[in-house]
Amino acid sequence: MSAERPSLPPVRLNSEAELAREALAAPLLVRAVRLARWAGPDTRVGAGGELVEAQLPAAAEHLGLAADEDGAAYASEAWRLAVDTGLLDVTDPEEAARPDGAEAEGTVTAGENLALLTAGSPQDVLAIWLDGLDAVHADATAPFLDDFAELVGEDGSIDFEALDWDPEAEAEFLDGVLGNLYLLTLADTGAGEEPVPLPALAASMIVPDDMGEPTDDILEQVSEAMMRLDDQFRLLEPIGIVEYRPVDEALLVEEGEAADGSATGADDEDVTRYGMVKLTPLGLYGVRTRMLEAGVDAPAVGDLADKDARALLDGIAHYPESAARAEVQLWLAGRGAGDPVAAAAELLAAARGADEDAPLRRLHCQQALALAGPEAEPAVRAVLDDPELGGLARVWLAERGAADVPAPPEEMIFWLAVDTIAAQLDADGELDELQGLVEGLSTQHSGFFDEVWRVDHPATADVLEAMGRLHGDKKAAKEARKAAFKARSRAGG
C-alpha cells in the first residue's frame, strides 16, 4: 500500500527571525562583518582576493586576536568569508597593476550584502549565512597541502591526481556525516538532544550494516575518518552549524604517554575524549537547505500549513505522531480559526476515496478532527450517512460524549473494521498493537469472518490475509485465510 514516503522525518525549525539572530551571532560571521567594516581605501588584496600578508597583523588586532600565526590565520579566514559572502567587493588586481612592475594588488569596497545584514529581512540574512556555510564546507573538504607549489603546473592548473583527492567524494562523505547527524537530531527517541561521539559518527559511514565484528582494516578506516572529521568540525563550528568538543590532543601521541613523555592518566573509556558533536538549530536549517538543493525530500513542520486538506492528509501519512499533530495544529490555526466547520468539512471531503491511500487518509482525518474541537460537530454530523465517513463520524461523536448518535448499520461496522486495519497496515505501526487490533475486532462480533469477506472495500482480501498472518488464535487465523480466499473469488481475483 502506499502514499509516497519522504526519505526523512519532518524537522521542526526555529522561526526565520530566530535563525537569523543565530546566524548573526555565529563567531566567524561576526569576525567577517567586523573586517568588512574595518576595510578602507588603503586595504590591499592579492590575486585570489585574500588580504595581503602585511595587513594581517592589523586585521588580527582589530578582531582582538593575538599578533601571531594563529591570529593571522583567524583573520585570514574571516576575510575570505567576507569576500565569499559579498560583504566585500574585490577589485581585480590585474586592473590595478602598477607600472613599475611590482606585484599587482587589488582593492576592496563594501559589498551590497554588508548593509543587508542590518537593513535586510531575516531571509536576506539567512541567504548570506548559507553562502558562508557553502564556503566553509568547501574549505572543510579541501585537501591539506604541505607544498602547494609542487602541485601547480606551468599553465596554472592543479594536478589533482598527485593530491590523491576526490573533491566530489570528500564533499559527499561530509554531507553524509551531516545527514546522519540530522537524522539523529530528529529521532523521536530523544537521541538528538545529546551530542554524538565522533567515533560512532565515523563508524556510521564506514562500517557495513551487516558486519558483525569490524576488521582491523575497517577500524583503521574509522580512525582515519574520525581524525579527518575532527579537523572538519573544528572548521565548521565557527559558522554556527555545530557544537563541537574536539578530540583530546593527548590521544594523538603515543598510547599511554603525553607529549612530554609522562603518563596521560586519562580514562581511555571516556568517550567524550574522542570528540562529541551536535547540530545546532541553525545547523538543522543549514543541513536541510543543502539536502533540498541536492534533491532530497526533507520536509519541515509547517510546509503543509497553507495547502489544501488532501495535501495535508497525504503529506502527514507517514509522519511521526508528534510531527503529524504539530502539522495539523498549524493547518487548523490557519483554516479553523476563521470557520472551524468549513475546515472540518474540508478534511472529511479529502478523506473520501477508494484508492489505496484512502484508509490512511481517513485515519489521519479522524486524528485531525480530534484536534479541531467541538466546533467541528455540525460538519461531522453531516456525514453520518456517508458509507465511507459515517463510521469515523460516529467514533468522533462517541468519544466526545455527544447525544443522539445513531447506531451504525452492520454493514458499516464491518466496512470500518476493514478500513481501520488497512490504515494501520499502511502506517507500519507496532506489531503488538496491530495484532491486538486484529484480535479485538474479530472477537467483538460473532461470526466476524463469515460476514467480513462480503465487505465492498478494495482492501478486504488484503486485510483478511494480514489477519490470517497476525491472529494469535490458530482457528481464527485459518478462518481469516479462508475468508480472504472467498473475498478474492468474489472480486474476481
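**Just past the end of helix H18, Asp428 adopts a positive phi of about 55°.** Welcome to the first close-up. All views show a predicted model, in which local features need pLDDT of at least 70, side-chain atom pairs count only at pLDDT 80 or more, and totals for chains, interfaces and linings use all residues. Residues are numbered from 1 along each chain as its sequence is written, and side-chain values use heavy atoms, with hydrogens and water left out. Helices (DSSP runs of H or I, at least four residues) and strands (runs of E, at least two) are numbered from the N terminus. H18 covers residues 410-427, and at 1.5 Å a residue its 18 residues should span 26 Å; the C-alpha atoms at its ends are 26 Å apart, which agrees. The expected span here is 1.5 Å times one less than the number of residues in the helix.

**The buried side of H18 packs against several helices.** Among the buried residues of H18 are Met412, Phe414, Trp415, Val418 and Ile421, and Asp419 and Asp426 also belong to this list. Buried stands for under 20% relative accessible area, exposed for over 50%, and partly exposed for values in between (1.4 Å probe, protein chains only). The buried residues of H18 pack against helix H15 (358-372), helix H17 (390-399), helix H19 (431-444), helix H20 (448-452) and helix H21 (460-470). A contact, here and below, has heavy atoms within 4.5 Å.

**Asp404 sits in the loop between H17 and H18.** Asp404 is not a glycine, yet its phi is positive, at about 60°. Its relative accessibility is 70%, so Asp404 counts as exposed.

**Three strands make an open sheet in the order E1-E3-E2, with antiparallel pairing.** Strand E1 (44-45) and strand E2 (88-90) are the edges; each has a single partner strand, so one side of each has no neighbour in the sheet. Strands count as paired if DSSP finds at least two bridges between them. E2 runs antiparallel to strand E3 (residues 106-110), joined to E3 by three bridges. Along this pairing, Leu88 faces Ala110 of E3, and Val90 stands opposite Val108 of E3. Helix H4 (residues 69-84) packs on this sheet and touches E1, E2 and E3, with its direction at about 85° to that of E2. Axes are lines fitted to C-alpha atoms, for helices over the stretch in contact, and angles between N-to-C directions run from 0 to 180 degrees. On the other pairing, E1 and E3 are antiparallel over two bridges, and Val45 has Gly106 in E3 as its bridge partner.

**Leu87 is one of the residues with the most contacts inside the largest nonpolar core.** That core has 70 residues, and Trp129, Tyr182 and Phe233 are also listed among those with the most contacts in it. Its largest share, nine residues, is supplied by helix H6 (residues 122-140). A nonpolar core is a set of buried Ala, Val, Leu, Ile, Met, Phe, Trp, Tyr and Cys residues joined through side-chain atoms within 4.5 Å. Leaving aside residues up to four places away in sequence, Leu87 touches residues including Leu29, Val33, Ala82, Thr109, Leu114, Leu117 and Ile128. Another core, of 33 residues, lies apart from the 70-residue one and includes Ile316, Tyr319, Val328 and Leu347.

**A second view of strands shows an open sheet of three, in the order E4-E6-E5, with antiparallel pairing.** Strand E4 (196-197) and strand E5 (242-245) are its edge strands, each pairing on one side only. E4 is joined to strand E6 (residues 276-279) by two bridges and runs antiparallel to E6; Val196 has Val277 in E6 as its bridge partner. Helix H8 (residues 167-186) lies across E4 and E6, at about 70° to E6, while H10 lies across E5 and E6, at about 130° to E5.

**Val207 lies in the loop between helix H9 (198-206) and helix H10 (216-236).** Val207 touches Ile218 and Val222, not counting residues up to four places away in sequence. Its C-alpha atom is separated by 8.3 Å from that of Leu219, 12 residues apart along the chain.

**The whole protein chain has 22 helices and six strands.** Of its 493 residues, 40% count as buried. Among contacts with a separation of 6 or more, 66% join residues 24 or more positions apart. The accessible surface comes to about 25,800 Å², with 49% of it belonging to carbon and sulfur atoms; these areas come from the Shrake-Rupley method with a 1.4 Å probe, and for residues only the protein chains shown count as cover.
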